[in-house]
Amino acid sequence: MAETSDVVELILQDHRRMEDLFREMRSVEADRASALREFADLLIAHALAEEAQVYPALKRYKNIDDEEVEHGEHEHDEGNKALLELLEVREIGSEEWDTKLEELVEAVTHHADEEERTILNQARENVAMERREELGAAFWEERERRLKADCGSVENVRRIVEA
């Protein structure tokens, strides 16, 4: 388990790790293929865990905007499509790779920023810490289960996008 069990902090930690992985994927000195594999697993596990364990629970709070939560799910779909397009690029570091990477960065960064300003701030203000810790434990368990299942493979991402 992570150092914290607060679902808000766990989600924020994942967002920061994704930013680190974007920097690695942009760097010619880094192992870009390895960074992409880790990123793909993390993005898919994170989004599926949010949709399974966090978003449905947050919709029950009257001071958390259901439309923002539903918009977050839509943005997950956009991020998954952008991820699939990058995973399907044959040559890492090619012009196509750079273009698809920037499209992915834009989609995921936009979503993370919006989620942090709306859903997570609302959760921090309106959900008791005990409940946030319960949600954090459920989120973490689902996330870890997905990570162990190689959820970021191109085949799995394709299945998710086509669903």
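1. A word on terms to start: helices here are DSSP runs of at least four residues, numbered from the N terminus, and a residue counts as lining a pocket when it has an atom within 4 Å of one of the pocket's points. With that in hand, H2 gives the lining of the largest pocket its largest share, 5 residues. Please keep in mind that this is a predicted model.

2. The overall picture is pleasantly simple. The protein has 6 helices and 0 strands, and reading along the sequence gives the pattern α-α-α-α-α-α. Along the principal axes, the C-alpha atoms fill a box of roughly 45 × 30 × 25 Å. Is the radius of gyration what a compact globule would have? For 163 residues such a globule would come out near 15 Å, and the 16 Å of the protein agrees with that.3. Back to the largest pocket, whose volume is about 220 Å³. Of the 14 residues that line this pocket, Ala33, Leu36, Arg37, Leu87 and Gly152 are the closest to its centre. H2 and helix H3 (66–87) each contribute at least two residues to the lining. By class, the pocket lining divides into 9 nonpolar, 2 polar and 3 charged residues.

4. How many cavities of 30 Å³ or more does a search of the whole structure find? The search finds 1. The largest cavity holds about 100 Å³ of space. It is lined by 13 residues, and Leu43, Glu75, His76, Val108 and His111 are the closest to its centre. Helix H1 (7–26), H2, H3 and helix H4 (95–126) are the elements that give two or more residues to this lining. The classes here are 6 nonpolar, 6 polar and 1 charged.

5. The packing of H2 against H5 is worth a look in the viewer. Helix H2 (residues 32–58) and helix H5 (residues 129–148) pack at an angle of about 145°, and their axes are 8 Å apart. The crossing of H2 and H5 is right-handed.

6. Which residues of H2 and H5 make the contact? On the H2 side they include Asp41, Leu42, Ala45, His46, Leu48 and Ala49, and further along Glu50, Ala52, Gln53, Val54, Ala57 and Leu58. H5 brings Arg131, Leu135, Ala138, Phe139, Glu142, Arg143, Arg146 and Leu147. By class, the contact of H2 with H5 has 12 nonpolar, 2 polar and 6 charged residues.

Key:
Residues numbered from 1 in each chain as written. Predicted model: local features only at pLDDT ≥ 70, side-chain atom pairs only at ≥ 80, totals over all residues. Heavy atoms only, no water. Axes fitted to C-alpha atoms, helices over the stretch in contact; angles between N-to-C directions. Left-handed = near helix turned anticlockwise from the far one by under 90°. Contact = heavy atoms within 4.5 Å. Nonpolar A, V, L, I, M, F, W, Y, C, P; charged D, E, K, R; others polar. 1 Å grid on protein atoms, 1.4 Å probe; cavity = no way out; pocket = protein on both sides within 12 Å on 5 of 7 lines; lining within 4 Å. Points joined across faces, edges and corners; volume = space filled by probe spheres on them. Rg over C-alpha atoms; globule rule 2.2 N^0.38 Å.
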